[in-house]
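Dear colleague,

I am handing over the structure below for your records. Please look through it before reading the notes that come after it.

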4 protein chains.
Amino acid sequence: MQAILSVNELNDLADREFPQIRGRFFVTEVTDDGVVMRMPVAERDMRPGGTVSGPSMFALADCAFYMALLAMIGPRTLSVTTNCCIDFLRKPAPGDLVGTARILKLGKRLCVGDVLIHSDAHPEEGPVARASVTYAIAPEKVQAQP
Amino acid sequence: MQAILSVNELNDLADREFPQIRGRFFVTEVTDDGVVMRMPVAERDMRPGGTVSGPSMFALADCAFYMALLAMIGPRTLSVTTNCCIDFLRKPAPGDLVGTARILKLGKRLCVGDVLIHSDAHPEEGPVARASVTYAIAPEKVQAQP
Amino acid sequence: MQAILSVNELNDLADREFPQIRGRFFVTEVTDDGVVMRMPVAERDMRPGGTVSGPSMFALADCAFYMALLAMIGPRTLSVTTNCCIDFLRKPAPGDLVGTARILKLGKRLCVGDVLIHSDAHPEEGPVARASVTYAIAPEKVQAQP
Amino acid sequence: MQAILSVNELNDLADREFPQIRGRFFVTEVTDDGVVMRMPVAERDMRPGGTVSGPSMFALADCAFYMALLAMIGPRTLSVTTNCCIDFLRKPAPGDLVGTARILKLGKRLCVGDVLIHSDAHPEEGPVARASVTYAIAPEKVQAQP
């Protein structure tokens with residue numbers, strides 16, 4: 001397993017293909033087995049009490065793992081999540097969240113791994129959420145043409 | 001287990017406490033063991049290919065189960081999701097989604113159950129997603145005062 | 001979706017192919033979307049305090065869903081579990097357990113559904129466990145020959 | 001978080017309290033955030049094709065996480081699994097399995113973490129399974145007396 005797309009290529013791809021998430025998530029690093037992604041937390045991500053909503057953390061986990069997959073296999077953007085199991089561990093303080101996605105198995109049809117989410121303000125407090133994720137990999141041939 | 005809040009009371013409560021989700025989710029029925037919730041799908045919920053995004057379906061599952069819990073125990077709104085495991089089964093067609101939340105165990109501290117999500121346009125095609133959800137129930141005393 | 005194997009055919013198949021589980025699990029009913037399976041609880045399934053062990057309940061869930069899949073597609077016995085997520089809800093009393101497996105999606109490659117487990121002694125107390133299960137379906141051609 | 005029980009103390013505890021698992025699982029290391037546990041694979045753990053059964057891998061994950069919890073909090077043996085989500089990633093070769101349990105959050109009531117399982121024969125092939133686990137921690141007072 002080795003990345004074939006760079007940080008810039010991944011962010012450009014997301015910008016082009018997923019305008020809905022523009023400005024919400026950024027790949028900051030490509031690692032040996034995945035990526036690191038940052039989510040600047042916005043008003044719409046907040047819940048009463050100043051904490052970040054569960055669906056926003058889910059979106060970060062899902063998007064980070066998607067980018068980890070594309071980093072390894074290239075822009076087969078029609079790949080889709082089949083399963084995600086997320087544990088919410090601590091109430092995150094207001095502030096950016098950072099998701100570290102790691103691929104544990106990259107098969108022909110399925111890609112499985114996990115994502116650890118930390119609060120950028122208080123990384124020493126341990127992860128705020130942990131997700132395991134499975135993606136069904138789009139075959140090369142069905143990929144939409146530009 | 002018996003509901004102590006009505007459809008109107010639940011929707012009023014959501015409106016008051018969670019302005020961020022106003023207009024996104026509506027309780028349409030309170031059942032013996034949960035609620036039915038409708039999500040009118042908007043532009044921001046869509047993905048390329050005309051399908052509904054995973055995080056939007058997660059938000060529906062999470063919110064429907066939260067309302068099922070509050071229907072049974074009243075407005076202990078500080079209850080929080082501790083775990084959610086979601087399977088994405090079919091690509092939903094564009095159109096409203098309907099989530100049916102059912103409580104399987106209502107304990108003192110934890111509430112566990114599941115949510116089936118159907119496409120309102122094509123309910124006969126079977127569920128588009130299935131989630132199991134666990135909430136940690138807020139103690140009565142820590143509930144925020146109005 | 002319609003079953004093509006009967007209760008007897010399923011139990012014979014299990015006996016022949018999985019001698020390790022002989023006497024542990026029995027299909028008692030084939031339903032529209034799955035099967036009902038009984039596990040007579042034995043000494044080795046027990047834990048201190050007279051309750052049934054988690055791994056034994058997992059084995060029941062896994063085996064019941066496997067039989068539900070084979071009931072629908074025939075004896076492609078090389079199909080394997082890819083994911084199982086189980087919630088333990090109540091301590092089961094000593095006595096047989098009954099698992100009801102239901103298929104929510106039967107695709108070409110993946111089969112997804114869930115299993116509810118009740119205590120036969122006290123079905124009115126609600127389920128003792130709930131599992132969601134995904135199987136990777138063995139292609140017809142790779143199936144081992146008798 | 002710091003372990004208060006040693007490898008020997010944990011194995012003695014398991015031997016005393018859980019005679020059913022005697023000889024099936026051994027703690028081999030106590031780490032900063034959990035334990036490493038070995039499962040010598042026996043005939044009853046095998047499936048047709050020479051692979052290890054899913055329920056046996058589940059039992060390893062569950063037991064390893066239980067020991068990780070007890071290592072940190074002492075012998076509150078009435079703690080119970082509330083949720084376990086396991087992904088089966090590769091068919092393990094015949095031979096011992098090794099589970100590495102790590103605690104991500106040790107709260108007052110719930111302990112959450114994950115377990116990676118490798119084949120001892122082929123650790124370089126990547127994990128054969130990955131589980132996330134939640135335990136409900138037994139209060140000190142309800143612990144059974146010796």
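The notes below cover the relation between the chains and then the strands of chain A.

Please bear in mind that this is a predicted model.

Relation between the chains. Two copies of a chain are related by a rotation about an axis and a shift along it. A turn of 180 degrees, with a shift of 0.0 Å along the axis, lays chain B on chain D with an RMSD of 0.0 Å. These two copies are therefore related as by a two-fold rotation axis. Chain A can likewise be laid on chain D by a turn of 180 degrees and a shift of 0.0 Å along the axis, and the RMSD is 0.0 Å.

Contacts with chain D. Four residues from chain B and four residues from chain D make up the contact between them. On the side of chain B that touches chain D, one residue is nonpolar, two are polar and one is charged. Of the interface residues of chain B, 100% are also interface residues in chain D, so these copies meet through the same surface. For chain A and chain D the share is also 100%, so they too meet through the same surface.

Strands of chain A. Strand E1 (residues 26–30) of chain A runs antiparallel to strand E2 (residues 34–39) of chain A, and four bridges join them. One of the paired positions is A:Val27, whose bridge partner in E2(A) is A:Met37. The connection from E1(A) to E2(A) is a hairpin of three residues. E2(A) also pairs with strand E6 (residues 97–106) of chain A, in the antiparallel sense and over six bridges. There, A:Val36 stands opposite A:Thr100 in E6(A).

With kind regards

Technical notes. Residues are numbered from 1 along each chain as its sequence is written. Chains are lettered from A and ligands numbered from 1 in the order in which they are written. This is a predicted model: local features need pLDDT of at least 70, side-chain atom pairs count only at pLDDT 80 or more; totals for chains, interfaces and linings use all residues. Copies are superposed by least squares on the C-alpha atoms of residues with pLDDT of at least 70 in both. Two residues are in contact if their C-beta atoms, placed from the backbone, lie within 7 Å. Ala, Val, Leu, Ile, Met, Phe, Trp, Tyr, Cys and Pro count as nonpolar, Asp, Glu, Lys and Arg as charged, and the others, Gly among them, as polar. Two strands pair if DSSP finds at least two bridges between them. Helices (H or I, at least four residues) and strands (E, at least two) are DSSP runs, numbered from the N terminus.
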